[in-house]
Every structure is written in C-alpha cells, then in structure tokens.
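Notebook open, structure loaded. I'll jot down what I look up as I go.

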2 protein chains.
Amino acid sequence: MRTAKTRTTITDVATEAGVHPSTVSRVLNDHATASAKWGAFAPETRQRVLAAADRLGYRPSAIARSLRLQRTLTLGMLVPDIRNPFFSSIIKGAEDAALERGYNIILCNSNDEPQREATYLRVLRERQVDGLLIASSQMADDTIAGLREEAFPFVLLNRATRSTEDLAVVVDNHAAAVEVVGHLAALGHRRVGHIAGPQNTTTGVDRREGYRAGVLAYGLDDEPQLVIEADAFSEEAGQQALRIMLAGPARPTAVFAANDLIAIGMLQRLREIGAHVPGDLSIVGFNDIPLAGLLEPALTTVRVPQLAMGVAGAHLLIDRLEGRPIAEVRLTMPTELVLRASTAAPMTD
Amino acid sequence: MRTAKTRTTITDVATEAGVHPSTVSRVLNDHATASAKWGAFAPETRQRVLAAADRLGYRPSAIARSLRLQRTLTLGMLVPDIRNPFFSSIIKGAEDAALERGYNIILCNSNDEPQREATYLRVLRERQVDGLLIASSQMADDTIAGLREEAFPFVLLNRATRSTEDLAVVVDNHAAAVEVVGHLAALGHRRVGHIAGPQNTTTGVDRREGYRAGVLAYGLDDEPQLVIEADAFSEEAGQQALRIMLAGPARPTAVFAANDLIAIGMLQRLREIGAHVPGDLSIVGFNDIPLAGLLEPALTTVRVPQLAMGVAGAHLLIDRLEGRPIAEVRLTMPTELVLRASTAAPMTD
DNA sequence: GTACCCTGAGCAATCGATTTCGGACAGCGC
DNA sequence: GCGCTGTCCGAAATCGATTGCTCAGGGTAC
C-alpha cells in the first residue's frame, strides 16, 4: 500500500506524527529551534517524529535537499584512463576519502579526448557537482584557467599548472628523474636513453627535464637521439617508441621510461626480439603500479604513493569546499626509487 | 555582474527574451505546444529564446530537472575492487556506454565489506539513481532480493542469482572451467589442482563445480586435497592458498586458479621458492586481465570479454529504465581459452 | 456575419526539503 | 491580573525546471 507510486516524503512523516513538515525537518537534522540559541526539542515531539519516520521507512531525497541547499555532496573525477592501474589506485584513494566525508564521486573517463573532456565538464557542471578532481594530464591549461576564473573548486592530481594558487597534489618529477639517472650512472651506464611521455603533459615534460638535468649532472652522454617521445603513456606507445629508438643510432645501455606502462611495452618488445633485461638493456619505470614487482624481470621504478595522492586530493578539495583552512596549496608527495631486477651494470663488450 | 551570486535560471532567460519561463522550457526541450500534436514554435519566438539563452550562457540545472522528472540520469555502480584490472575494464565499458546514452555513473568501491555495501546502497537510493550496476560478487542474495521486491532496477555483472527474472550479464563459468581441465588433460596432466575462489560467490562456486565436472569427465585424479579455497580473489590469497596446497600431500602437476590475480600470486610464490612454470607446475588463470599476457611466463587463461560485459550491462540496464523491449534477461558472453606459456605437458619423473 | 477551430503562449501547480519569520501559549514576576 | 520572556512549532517562501490547463486572437467555414 505505502509501496504505492510515490516515495514517502517529509510531509507523510509529518502527517503520521501529527506535526508540521518543518518540524520533521528540524528534528531529523537535529536543529535547534529557530528562536532558541540551543534549545533541544520537546523530547516527546522528537520521539513522535523519529518513530513516525522509522515506521514509514522514510528516506530523505538527496535531490530535493541539493536543490534547496545548492550543494550536492558530489565530486566529479576526471581521469584519462581508468584501466591504467596508476589511476585505479588514485581513484580508490579518492573514493575512500570522499565516502568518509560524506561525498560521492562521479567517475569520468576522458580517454584523453578533449572532446570528451569538454562534454564531461559541461555535464558535471549541469549536475552541480561541488568540486572537481582532475587527474587528466592532457587537459588544456586554458580549460583549467576557465574553471579558476569562475572560482569553480577543483584540485589537480599528479599534474600542476603555472598558477600557484591552484590546489594540486603532485610529486617532484624532476628530482625523481634526476635520482633515476643517478642510479643508472652509479651502475656504470654512460649512454642512458629516455622514452619521454607526451610533451603536452606536465609529467612528461618534468620527467624529461629531470632526465636531462641528471645526464648533465652526472656527465653522461648527452645526445638528442637518446630521447624519444612516446605518443601516450601506454604499452603500445612504449613498444613503438622503443622500436624507433633501437632502429636509430642511439645504442643506449639503459633506458628511463616516463612511466611503468611504457616500460612494460618496452619489456614486451625486447622479449619479442630476444633481448635480455637487464643484461642487454637496463630499464627503469615510473609510478610503481601494483604489478610492477611481479613482472619478469621485476621493474625498477619510482614509487609514487598513489592511494595517498587520491586521499590527499579528496581531502584537499573537501577542505576547500567546506571552507577549512588549507595549509599547503600544493602538496608534494614523497617518491622513492625502488630497486628491483630490471637494472644492472652495463655489460662490458 | 551576471557572474553574481546565483546561477542564471530559466527565469532569467525568460525575462531576457521577454517570454514566460514555460515557453523557454518548451523551446529548449524542443517540445511541441501543449495543445498541438506537433506544431513547431513560432520561429521568431524560438529564435529570441535561443539567442537569450546563448547570450546569458544558460545551463539548465540537472538537479531541478531531476526533482521534477523523478529521474536523475545517473547509475550507481558497485564493484568490489576497482584496482582489480578486471573490474577496471568492466567499469570503463559501462561508463562508455552510459555516457553515450546520456547517463553518468557514481562509482562505489565496496572492498567486499558488507557494511560498506549497505551504506552505499542507502546513499545511492537517497540520491535516487535510476538504476544499479552490481558487480559485487559477495553481495548477499537477500540484499538483492530486497531490491527485486521493491522493483528497483538493477543489472548483475559477472554474477547471477537463482532468480531467472534478474537481469544479468555473465559468462558460462562452468563450461569454461571444464574446458580448462580438458586442456590440461590433453597435455597429459592427471593430477590437476584447483585454487577455488571464495565459495560465497557464484563465480567461485561455478568454477569449482566446472573443475570437478571436468576432472570426472576426463577421468583425472579426484581428491579433496587437490582443491583449496582462497580467501579472496587476490594475489595475497593466491600465494597463501598455494602455500597450503604445497604443504599438503596433493602434489598436482597443474593448477587451475579461480582467477588471474590468484594465478599471479601463485606465480609469485613459485618464483620465491625457485619452482619453474610450467616445468614444475602448469598454471591456468581466469579473466585474461590486461597484463596476463605480459607476465613471465605469459599466463594461459580464460578470456572474459570485460569491456563488452560492461557495455552490455549498461545497455541492458538503460533499456530497462527506458522501457525498451529486452530480448534476453540473462546475457551470456562468450569466453575463450587463451593458450600461452604457463601450461605445458607435465615432466615425466 | 457569426460560430467554431486552431495555434501560440501564459498561469500556476508540482517535485521534496530547508529556513526565516512569527504566532501561540506557558510560566513567572510584580 | 497584567505583561514579559522564552519555548516550541506552524506558515509560507524558496531552490529551478516541467507541464496540464487555459485563454487570446486570427483564420475559416457555412
């Protein structure tokens, strides 16, 4: 019967309890009386309302509340590729933190297509999400500038912009890349290559610049052909880039890949052509995605605290939304070079 | 100035165009006039409204619309673990299909915790998502029965219930498991073990039963100790289960793992103890997650069309929501045994 | 020339919850 | 007994869009 057509509303509860809807709202939200500073409700009324709500199985409508309060307790999250384990982990971290603070996440997979990103941005704003978590590395800077100008709350994950007022959670890509090169140099490598990430991403650029700084700092061979730019942060792009590098005159004894997926693509390609890692070529990745240690050989890589980045990003955004003080606008998470089996001293020929 | 405090509403547009809000609504939704069956609007009015909307940068409020229409164009998606690449792929497929049809997805990671599942279920219904995509294999059957009784639309992904009226997208786990055992039998194995998935999941049960059916069908050794139940569909659980199996008297020459993560955990463990795959032990997984072919050795496994399952699930649910005819209540997707390097004939000792 | 029809568009109710304002009534002091 | 303070709760506006009903006016048919 009550399972009829329409949901049970606050008015139904009010009728059932014999009070006014506004009273129900106040009781359920544990509000003080309007006039009193902090007067509790008449216990008897309170009980009646609670009992009625319970009896009717009342569930408030988040939509109606959102309309009235002009906030949805929803965050939009833009990622380039949910299948990349790196982003899966960030999402999980963000989702955990959001749930804990009462927010939900609408997931948006942009596939790095600007068109699709634009669509999502429009949809998310029509839905009035309270804020945005942006892990999409390719998103144009002026799109972000647009958000900033409108004062639409957002946090950047694993990327940053020139603007130092933007909230962001990042790692020091430059320093980590230098450290990678230092490790390879210490092993005795002098010809260290780099499969760079797309140079329209900040991570791609920062890591390449870090690589270059390392090469100069350690006095390694510094030749343009030692750097190849991959089309994407993916296995296929890694395979393809390595193919190009090996076809050229570079002849590196070690290669620093801009991320783990690129490194995995390289491993794959090297296996195909019968080359041995690290014997013929040492390989270093970036991110330390969950399976990096399970590969053969286990991948030496830079560990990025993925879950923690997601958690920190969500908290940062929600702090902003709720007007809490924000200690640091740009959070830099620590990285750590994880030495595994894909790097070794170069063979002396 | 118009960037003021409140968003621009349909009333603003109406004022700007010198018409009534209802007219704006009708024009923007391309509605026919109320009385006419299909009369177009006065072109001039139409233009005025469109121009005004454009000039003001009007964006409709999805919330207000949802409240009025009692539909949110939002789907809730429950997955046990977004970091499992299997689910990442399903999510991506679902998300793609949903976007295409105008829906968004609220992602919910249950971690297989019933508590958390319950919380999500409550929140999602308060938010009045139009329907649910449930890929959470552990969700209790009576929770699902509850949804069914309330006629809350949902689709099960990669699991099913006894009820044949529930919408579901599945694979034939039983048949695939038989095929796996057949493959191993054909290679000459007679002692084939099984690391079963949790037996409170339908996939775990179906695969175990299929394994048993295969063992009987091919006349292989049929001993209880050849089957160990893993605590979860995870690497850790796989490691742990294998440890138990190897400590016992089972001595299999091949093991069928209930999914790829379990198989990966086994590979990891075997590497630790210096055993060779497939020389010492052949291993077969299930799902064919993206990295399965990149492991060393590349994993023989059952390919489940993950993206396609997500896509099909979303379409099925939306068809239901929009009242379209549904051809098959339970969609069974095809599987394929992918032979790679982790299986070979047993060594003759 | 009148009655009727049809088209284009306004009016107002509605979706469900929140919140400001203010009213009713009880208790207390003088 | 009157007025004052204070407690508890009701009335009504509001958030923004949709839609059934209604109405005005022009055209048409007889």
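**Burial and overall form.** I started with chain A, where 46% of the 349 residues count as buried. This is a predicted model, so I checked confidence next. Chain A has a mean pLDDT of 92, and 95% of its residues reach 70 or more. The weak spot I noted is residues 34–39 of chain A, with pLDDT below 50 and four contacts beyond near neighbours in sequence. Where pLDDT is low, predicted coordinates should not be read in detail, and I'm leaving that stretch alone.

I then looked up the secondary structure of chain A and got twelve helices and twelve strands. Its radius of gyration is 26 Å, well over the 20 Å from the globule rule for 349 residues, so chain A is more spread out than a compact globule. The box around its C-alpha atoms, taken along the principal axes, is roughly 90 × 40 × 35 Å. Of the contacts in chain A with a separation of 6 or more, 72% join residues 24 or more positions apart.

**The two copies.** How does chain A lie on chain B? I find a turn of 180 degrees with a shift of 0.0 Å along the axis, and the RMSD is 0.0 Å. That is the relation of a two-fold axis. The same surface serves both copies, since 100% of the contact residues of chain A recur in chain B. I also asked which residue of chain A comes closest to the rotation axis. A:Ile106 does, with its C-alpha at 2.2 Å.

**The contact.** Each side is counted: 34 residues from chain A and 34 residues from chain B. On the side of chain A, the elements giving two or more residues are α4, α5, β2, α6 and α11. The largest share, six residues, comes from α5(A). By type, I have 17 nonpolar, nine polar and eight charged residues on that side of chain A.

**Helix α9 of chain A.** I checked its length. The 16 residues of α9(A), 202–217, should span 22 Å at 1.5 Å a residue, and the end C-alpha atoms are indeed 22 Å apart. Buried residues in α9(A) include A:Thr202, A:Asp206, A:Arg207, A:Arg208 and A:Tyr211. What covers the buried residues of this helix includes α8, β6, β7, β8 and β9 of chain A. Just after α9(A), A:Gly219 has a positive phi of about 65 degrees.

**B:Phe233.** I found B:Phe233 in the loop between β7 and α10 of chain B. Is it buried or exposed? B:Phe233 is buried, because 27 other C-beta atoms lie within 10 Å. Its contacts, leaving out residues up to four places away in sequence, are B:Gly197, B:Ala258, B:Asn259, B:Leu261 and B:Ile262. I also looked up B:Ala257, 24 residues along the chain from B:Phe233, and the two C-alpha atoms are 9.6 Å apart.

**Backbone oddities.** Most residues other than glycine have a negative phi, and most peptide bonds are trans. I went looking for exceptions.

- A:Gln128, not a glycine, has a positive phi of about 55 degrees. A:Gln128 is in the loop between α6 and β3 of chain A and counts as partly exposed, with 19 C-beta neighbours inside 10 Å.
- B:Asn287 has a positive phi of about 120 degrees. B:Asn287 is in strand β9 of chain B and is buried, with 27 C-beta neighbours inside 10 Å.
- The A:Glu296 to A:Pro297 peptide bond is cis, with omega near -5 degrees. A:Pro297 is in the loop between β9 and β10 of chain A.
- The B:Glu296 to B:Pro297 bond is cis too, with omega near 0 degrees.

How values were computed. Residues are numbered from 1 along each chain as its sequence is written. Chains are lettered from A and ligands numbered from 1 in the order in which they are written. This is a predicted model: local features need pLDDT of at least 70, side-chain atom pairs count only at pLDDT 80 or more; totals for chains, interfaces and linings use all residues. Two residues are in contact if their C-beta atoms, placed from the backbone, lie within 7 Å. Helices (H or I, at least four residues) and strands (E, at least two) are DSSP runs, numbered from the N terminus. Ala, Val, Leu, Ile, Met, Phe, Trp, Tyr, Cys and Pro count as nonpolar, Asp, Glu, Lys and Arg as charged, and the others, Gly among them, as polar. The expected span of a helix is 1.5 Å times one less than its number of residues. A residue is buried if 20 or more other C-beta atoms lie within 10 Å of its own, exposed if 12 or fewer, and partly exposed in between; C-beta atoms are placed from the backbone. Copies are superposed by least squares on the C-alpha atoms of residues with pLDDT of at least 70 in both. pLDDT is the predictor's confidence in each residue, from 0 to 100. The radius of gyration is taken over C-alpha atoms; the globule rule is 2.2 Å times the number of residues to the power 0.38.
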